[in-house]
Amino acid sequence: MARLFALMKTGNYCVPGLIRTAEREEVVYFSEQPSAVLESSHLVYSPDNRKLREAIDDKVSLAQLLDAGFVVGIGAGISYGEETDRIIQRYSNSDSVIRHPTPNFLAPMLSMIEIKRVDFSLAPPWALTWFLVNQKNGLGGDSAPMIVTHPFREASEKINYHVVCTKNAWGKKAVAMIDEVLARDDIRQALARNAQIWLSTTKVQEKVVK
């Protein structure tokens with residue numbers, strides 16, 4: 001991320017999807033309209049884990065799963081949202097949290113799920129979709145594991161992503177033009193449809209991975 005912002009300071013660039021924060025607004029212009037509205041982290045686990053599947057319902061809580069002795073695998077230096085991070089911190093000195101040393105956590109976490117080192121991990125469904133498609137295309141390995149995703153109570157339901165542009169006169173004009181496009185009904189509908197497709201890790205595994 002630091003390299004990305006350093007690059008944007010050297011010329012006229014736009015990036016299609018970043019989370020809006022006050023710190024980032026100091027160095028780039030954000031679109032007012034979101035470029036994507038995506039779900040935050042889900043529970044990620046193997047369909048073979050029957051004990052865990054029996055413990056998961058529409059009101060499943062991360063804290064309750066950890067209280068029950070299930071083990072979560074997380075990546076080092078990754079934030080899963082304020083409330084989720086607080087729960088992980090609360091259990092960080094217990095056997096319920098396994099922290100992988102690399103922030104590039106998708107591949108090692110899925111591997112740990114496969115070998116039953118952890119019961120589940122946490123990741124946004126769209127990130128898993130990207131990973132699984134790349135696995136299938138031979139960019140990340142020879143095989144893509146079958147996994148299940150499920151939302152949990154403490155995670156935010158949706159996260160807005162926005163277009164960002166270089167903070168200069170060119171970027172200000174570019175963001176204004178982008179906002180006009182993103183406000184159109186047909187564009188909003190298309191973005192929502194695309195997000196729905198990319199949010200379904202199960203559909204991707206059924207249609208692409210197998």
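User: Which backbone oxygen does the side chain of Ser31 reach?

Analyst: Happy to help! A polar contact is a pair of N or O atoms within 3.5 Å; within protein, one must be able to donate a hydrogen and the other to accept it, and residues adjacent in sequence count only if both atoms are side-chain atoms. Here, the Ser31 side chain reaches the backbone oxygen of Gln33 at 2.7 Å. This is a predicted model, where local features need pLDDT of at least 70 and side-chain atom pairs count only at pLDDT 80 or more, while totals for chains, interfaces and linings use all residues. Residues are numbered from 1 along each chain as its sequence is written, and side-chain values use heavy atoms, with hydrogens and water left out.

User: Is Ser31 buried or exposed?

Analyst: Buried means under 20% relative accessible area, exposed over 50%, and partly exposed in between (1.4 Å probe, protein chains only). Ser31 counts as buried because its relative accessibility is 0%.

User: What does Ser31 touch?

Analyst: Contact means heavy atoms within 4.5 Å. Not counting residues up to four places away in sequence, Ser31 touches Arg20, His162, Val163, Val175, Asp179 and Leu182.

User: And how would I read Ser96: buried or exposed?

Analyst: Use the accessibility idea again: Ser96 is buried, because its relative accessible area is 10%. A polar atom of the Ser96 side chain lies 3.5 Å from the backbone oxygen of Leu66. Leaving out residues up to four places away in sequence, Ser96 touches Leu66, Phe70, Val71 and Val72.
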